[in-house]
Each structure stands twice: as C-alpha cells, then as structure tokens.
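Hello,

Here is the structure I promised to pass on to you. Please open it next to this email and follow along as you read.

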Amino acid sequence: MNRVTELFKIKYPVIQGGMVWCSGWKLASAVSNNGGLGLLGAGSMYPEVLREHIQKMKKATTKPWGVNVPLLYPNIDELIQILIEEKVQIVFTSAGNPAKWTGLLKENGMTVVHVIANARFAKKCEEAGVDAIVAEGFEAGGHNGREETTTLTLIPHIRKVTNLPLIAAGGIGSGKSMFAAMALGADGVQIGSLFAASEESSAHQEFKKCILETGEGGTMLSLKKLAPVRLIKNAFFDQVFKAEQEGMSTLDLQKLLGKGRAKKGIFEGDMIEGELEIGQVATLIDEIKPVSDIFNDLLNEYKAVREETAQNNRFEF
C-alpha cells in the first residue's frame with residue numbers, strides 16, 4: 001500500500017484518465033473492478049447524461065471510482081450539484097482554479113484531486129486544500145499545459161515544491177513507464193491513451209483503429225491561441241495548422257473549431273473532419289484489448305522491471 005492506494009482505497013496506484021467521449025461507465029467500472037480507479041469523464045456529458053452514468057456506475061461496481069470535471073465548463077454549477085446529490089466520493093478537477101470549488105466538494109465528503117501542468121498551480125492546490133495532485137506532462141493527449149514541460153522534467157519538479165500525493169500523467173502506457181514515473185517521485189500514475197483504445201472505451205471503433213495506426217510524430221499540440229490540445233494529424237489538423245501558420249485570429253480559430261468537433265471524431269468516428277485527441281504514447285499502442293488484459297500486462301511488466309532493477313548489474317556503474 002502506498003499513499004495513492006491508501007487515499008482512494010484501491011489495490012493498484014493506477015488511475016484511468018477522465019477522457020472526453022471515451023470515459024463512460026463501462027470503461028470506468030472495468031478499471032475499478034480490476035483494482036484501479038475508474039473516472040467518468042464529465043467533460044463530454046450534459047448534466048442529465050452525467051447523472052445517468054453515475055447511477056450506472058453504482059450498479060456496475062462496488063469498488064471506489066470518481067468523476068473528472070473540467071472547471072471552466074459553462075454548466076459547472078449544475079455538474080457540481082449533481083456530484084453532491086449523487087454522493088460521489090472522489091472528484092478530479094481540471095482546467096480551472098482549484099480554490100473555487102475544493103472547499104464545497106470537501107464539505108460534502110469528497111476526496112478532491114486537481115490536475116496541473118506547473119509548479120505554480122501545485123502551490124495553489126496546497127492552499128486550496130486538495131488531497132492529491134495529478135501532474136500532467138506535455139506528452140499527454142487532450143488539453144495540455146502551455147509550458148510544454150515533459151513528464152520526465154515535470155514530476156521531479158513538482159515533487160520538490162509539494163509533499164501532496166503525486167500522480168504522474170502524460171506518456172505513460174506501460175509498466176516500464178509506470179516504474180519510471182514512480183522512480184521520479186510519483187506515488188501513482190494516471191493513464192489515458194491506453195484505456196482510450198480499450199474494448200470498454202466508449203470511443204468509436206474507427207478512432208480506436210486510428211490510435212493503433214498513429215506512428216511516431218503522428219500527434220502535435222495545436223490551437224494554442226484557444227486552449228492547447230494534442231491532436232492526431234488528420235485533415236482537420238491540417239486546416240488548424242495552416243490557419244495558425246497564417247496567423248488566424250482567435251475568433252476565426254473558434255469558428256473553424258466550431259461545436260462538437262471532438263464528438264465528431266472520437267465518438268462518431270469521423271477521421272477526416274473530427275478533432276482526434278490522443279497522447280504521444282499512441283505510437284506504442286498496437287492492440288485493442290479488454291481492461292483486464294491491460295492491467296495484467298501493465299502490472300506484470302512493472303513487477304519485472306522492478307525486479308530487474310534490483311538484481312541486474314546493467315544498472316550498476
């Protein structure tokens with residue numbers, strides 16, 4: 001048992017990222033039932049849909065689970081009220097100031113974790129009273145930090161400025177990378193892309209196949225004038241890249257992005273005009289597997305590299 005497993009009352013220090021259009025109740029409950037912490041991704045859910053997924057989670061698992069909530073969403077007040085009414089026990093907040101909602105969530109008995117990408121916000125998290133931090137490196141899929149700090153640099157940097165339980169995210173898709181993150185000072189890991197490509201993910205099958213086909217250099221951080229997001233290079237990405245190179249205004253970029261672009265790609269399977277969010281680690285994912293197999297592979301490799309580190313003179317100088 002370490003600080004993350006103790007905090008969440010889970011078997012393994014593995015958290016599934018609350019990804020838009022991927023993280024419904026089937027994926028989250030499968031992760032929790034296999035010993036990790038499953039998270040519903042409220043970022044792609046209308047309030048009534050979130051409530052439905054919460055109620056299905058309650059039936060699908062007796063293990064701990066939580067909800068990821070982006071704080072900058074326009075209907076955040078309604079989402080928070082649903083979490084309170086449904087007595088959700090664990091909440092991961094992101095994309096906003098943790099000070100605004102942490103107190104209310106904790107008053108209602110919730111364990112609160114906030115996602116950050118720099119040391120400045122690590123201190124804000126401490127001041128806000130969160131229970132743990134997710135430090136997400138530049139390799140991660142979806143919305144990303146403007147500092148472009150990689151996980152390898154970010155984790156030891158965050159560990160220097162806070163003693164809060166620390167969860168590493170970004171570029172973690174194997175037992176080896178999990179071991180590396182924890183060697184750098186993390187108490188656990190949050191994994192997104194690997195679970196996005198799982199059988200239980202609610203993403204469209206075409207998107208899952210696209211993940212498997214994404215090679216080295218197949219993703220890039222885009223839309224920096226709006227909210228930086230890592231995308232697979234497709235026809236829509238090419239439009240964005242060209243527009244950014246030509247200095248398109250923020251307003252025109254918003255028009256180009258439009259509404260429902262991520263849903264079109266990830267959930268509806270439009271690989272041409274959709275916004276395809278995934279991490280750099282996609283290049284290492286080569287099979288769509290059930291969550292149970294992902295956990296077996298992840299944990300077996302973690303244990304093997306831990307033993308190798310202890311026994312193999314390859315690590316001696």
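Y73 counts as partly exposed, because its relative accessibility is 30%, and the cut-offs for that class are 20% and 50%. You will find Y73 in the loop that runs between β3 (65-70) and α4 (76-85). Leaving aside residues up to four places away in sequence, Y73 touches V20 and G43. A197 makes a useful second landmark: it sits 124 residues from Y73 along the chain, and 26 Å separates the C-alpha atoms of the two. Please keep in mind that this is a predicted model.

Another loop residue to look at is G141, located between β6 (132-136) and β7 (142-143). G141 is also partly exposed, as its relative accessibility is 24%. Which residues does G141 touch, not counting those up to four places away in sequence? They are R230, I278 and G279. If you display I232 as well, you can check a distance: the C-alpha atoms of G141 and I232 are 9.2 Å apart, although their positions lie 91 residues apart along the chain.

Now for the backbone. Most residues other than glycine have a negative phi. With that in mind, have a look at two lysines. K9 has a positive phi, near 60 degrees, and is not a glycine. Its place is the loop between α1 (3-8) and β1 (14-16). With a relative accessible area of 62%, K9 is exposed. K87 is likewise a residue other than glycine with a positive phi, in this case about 55 degrees. The loop between α4 and β4 (90-94) holds K87. Is K87 buried or exposed? K87 is exposed, since its relative accessible area is 62% and the class begins over 50%.

Next, the empty space inside. Rolling a probe the size of a water molecule over the atoms shows where such space is left. How many cavities of 30 Å³ or more are there? The count comes to 1, and the volume of the largest cavity is about 30 Å³. To find the place, select the lining residues: A117, E136, G137, F138, N144, G145, E147, E148 and T149. By type, this lining divides into 2 nonpolar, 4 polar and 3 charged residues.

Finally, the protein as a whole. It has 14 helices and 11 strands. The radius of gyration is 19 Å, close to the 20 Å that the globule rule gives for 317 residues, so the protein is as compact as a globular protein of that length. Along the principal axes, the C-alpha trace spans about 55 × 50 × 35 Å. Of the 317 residues, 53% are buried. The accessible surface comes to about 14,500 Å², and carbon and sulfur atoms account for 51% of that area. As for contacts between residues at least 6 apart in sequence, 62% of them join residues at least 24 apart.

If you would like a route through the model, you could begin at Y73 in its loop between β3 and α4, go on to G141 between β6 and β7, and then select the residues that line the largest cavity, including F138 and N144.

Enjoy exploring, and write back whenever you like.

Best wishes

Key. Residues numbered from 1 in each chain as written. Predicted model: local features only at pLDDT ≥ 70, side-chain atom pairs only at ≥ 80, totals over all residues. Heavy atoms only, no water. 1 Å grid on protein atoms, 1.4 Å probe; cavity = no way out; pocket = protein on both sides within 12 Å on 5 of 7 lines; lining within 4 Å. Points joined across faces, edges and corners; volume = space filled by probe spheres on them. Nonpolar A, V, L, I, M, F, W, Y, C, P; charged D, E, K, R; others polar. Helix = DSSP H or I, 4+ residues; strand = E, 2+ residues; numbered from the N terminus. Rg over C-alpha atoms; globule rule 2.2 N^0.38 Å. Buried < 20%, exposed > 50% of the residue type's maximum accessible area, 1.4 Å probe, protein only. Contact = heavy atoms within 4.5 Å. Areas by Shrake-Rupley, 256 points an atom, 1.4 Å probe, with all protein chains shown as cover.
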